[in-house]
Amino acid sequence: MFTRDEALELFRKYNKSESLYHHALSVEAVMMEAAERNGEDASYWGLVGMLHDIDWEMYPEEHCRKAPELLKEIGADDAFIHAVVSHGYGLVTDVKPELYMEKMLYTVDELTGLITATALMRPEKMKGISVKSIKKKWKDKSFAAGVNRDVIQQGAEMLGKDTAEIIQLAIDGMTKVAPELGLWPVEENT
Ligand SMILES: [Fe+2]
């Protein structure tokens with residue numbers, strides 16, 4: 001298995017945007033949180049999270065189809081590649097999320113985007129952010145209109161979880177890396 005440093009190097013090779021980097025760190029953190037709660041391998045789940053959009057910036061037309069080739073550069077195996085590719089199920093691939101880990105990735109990908117957009121509107125950013133505040137923004141369809149709420153809903157159903165539970169999990173995971181995401185009040189960073 002490759003290391004986190006190798007994964008990060010690959011990510012940086014194919015992604016120059018800071019917002020995509022923050023998105024990768026967000027999904028990594030939430031996947032790790034989910035793994036820890038389920039007694040699973042947090043570093044493995046985290047790497048899947050970090051690299052899930054590896055082909056997005058440079059190959060948007062081939063999203064999830066270019067990824068296998070890029071991931072093989074660091075020796076990712078078929079299971080890892082399946083997990084990454086399955087997050088585009090119904091949108092850009094027909095590879096279905098089968099494992100609990102894959103269903104989690106599918107669900108939290110869009111959800112981290114909604115949480116980020118909500119946090120950016122608040123002076124306190126992620127600090128003290130609640131499930132209620134996310135739900136409110138979820139219902140406001142004009143807010144962060146690019147976030148596909150249906151995907152989050154479908155993902156939660158695949159997981160057999162209430163959306164509130166998944167939102168709380170995602171908040172908890174993202175809060176742990178909030179300063180690195182630029183989502184913590186500045187005076188709290190020192
Ligand atoms: Fe993503």
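Q: Are His23 and Asp109 buried or exposed?

A: A good place to start! This is a predicted model, and in it both His23 and Asp109 are buried. A residue counts as buried when its relative accessible area is under 20%.

Q: Which protein atoms are the donors of the iron ion, and how far from it do they lie?

A: To read a metal site, look for the atoms that hold the ion. Here the donors are His23 (NE2), His52 (NE2), Asp53 (OD) and Asp109 (OD), at 2.1 to 2.2 Å from the iron ion. Along the chain these donors follow the spacing H-x28-H-D-x55-D. His23 sits in helix α2 (residues 18–37) and Asp109 in helix α6 (residues 100–120), so this pair, 86 residues apart, links distant parts of the chain.

Q: Why is the arrangement around the iron ion irregular?

A: Check the angles between the donor atoms. The four donor atoms subtend angles of 84 to 172°, which makes the arrangement irregular.

Q: Where do the buried residues of α8 fall when seen down its axis?

A: Start with the general idea: an α-helix has 3.6 residues a turn, so residues three or four places apart point the same way. Now the case at hand. In α8 the buried residues are Arg149, Val151, Ile152, Gly155, Ala156 and Leu159. Seen down the axis, they fall within an arc of 160°, so they line one face of α8. Asp150 and Glu157, on the other side of α8, are exposed. The cover over the buried residues includes α6, α7 and α9.

Q: What is found at the start of α8, and what follows the helix?

A: Helix ends deserve a look too. At the start of α8, a side-chain oxygen of Asn148 comes to within 3.0 Å of the backbone nitrogen of Asp150. After α8 comes Gly160, with a positive phi near 70°.

Q: How many residues does helix α9 have, and how far does it reach?

A: You can compare a helix's reach with its expected span. Helix α9 (residues 163–176) has 14 residues and reaches 20 Å from its first C-alpha to its last, close to the 20 Å expected at 1.5 Å a residue. Its buried residues, among them Ile166, Leu169 and Met174, pack against α2, α6, α7 and α8. At the start of α9, a side-chain oxygen of Asp162 reaches to within 3.2 Å of the backbone nitrogen of Ala164.

Q: Which residues does Val108 touch?

A: For a single residue, find its helix, its burial and its neighbours. Val108 is found in helix α6 and is buried, with a relative accessible area of 0%. Leaving aside residues up to four places away in sequence, Val108 touches Val27, Val30, Met31 and Ile166.

Conventions:
Residues numbered from 1 in each chain as written. Predicted model: local features only at pLDDT ≥ 70, side-chain atom pairs only at ≥ 80, totals over all residues. Heavy atoms only, no water. Donors = N, O, S within 2.8 Å, 3.2 Å for Na, K, Ca; no water. Tetrahedral: all angles 85-135°; square planar, octahedral: opposite > 155°, others 65-115°. Helix = DSSP H or I, 4+ residues; strand = E, 2+ residues; numbered from the N terminus. Buried < 20%, exposed > 50% of the residue type's maximum accessible area, 1.4 Å probe, protein only. Expected span 1.5 Å × (residues − 1). Contact = heavy atoms within 4.5 Å. Polar contact = N/O pair within 3.5 Å; in protein donor to acceptor, adjacent residues only side chain to side chain. Arc of directions from axis to C-beta.
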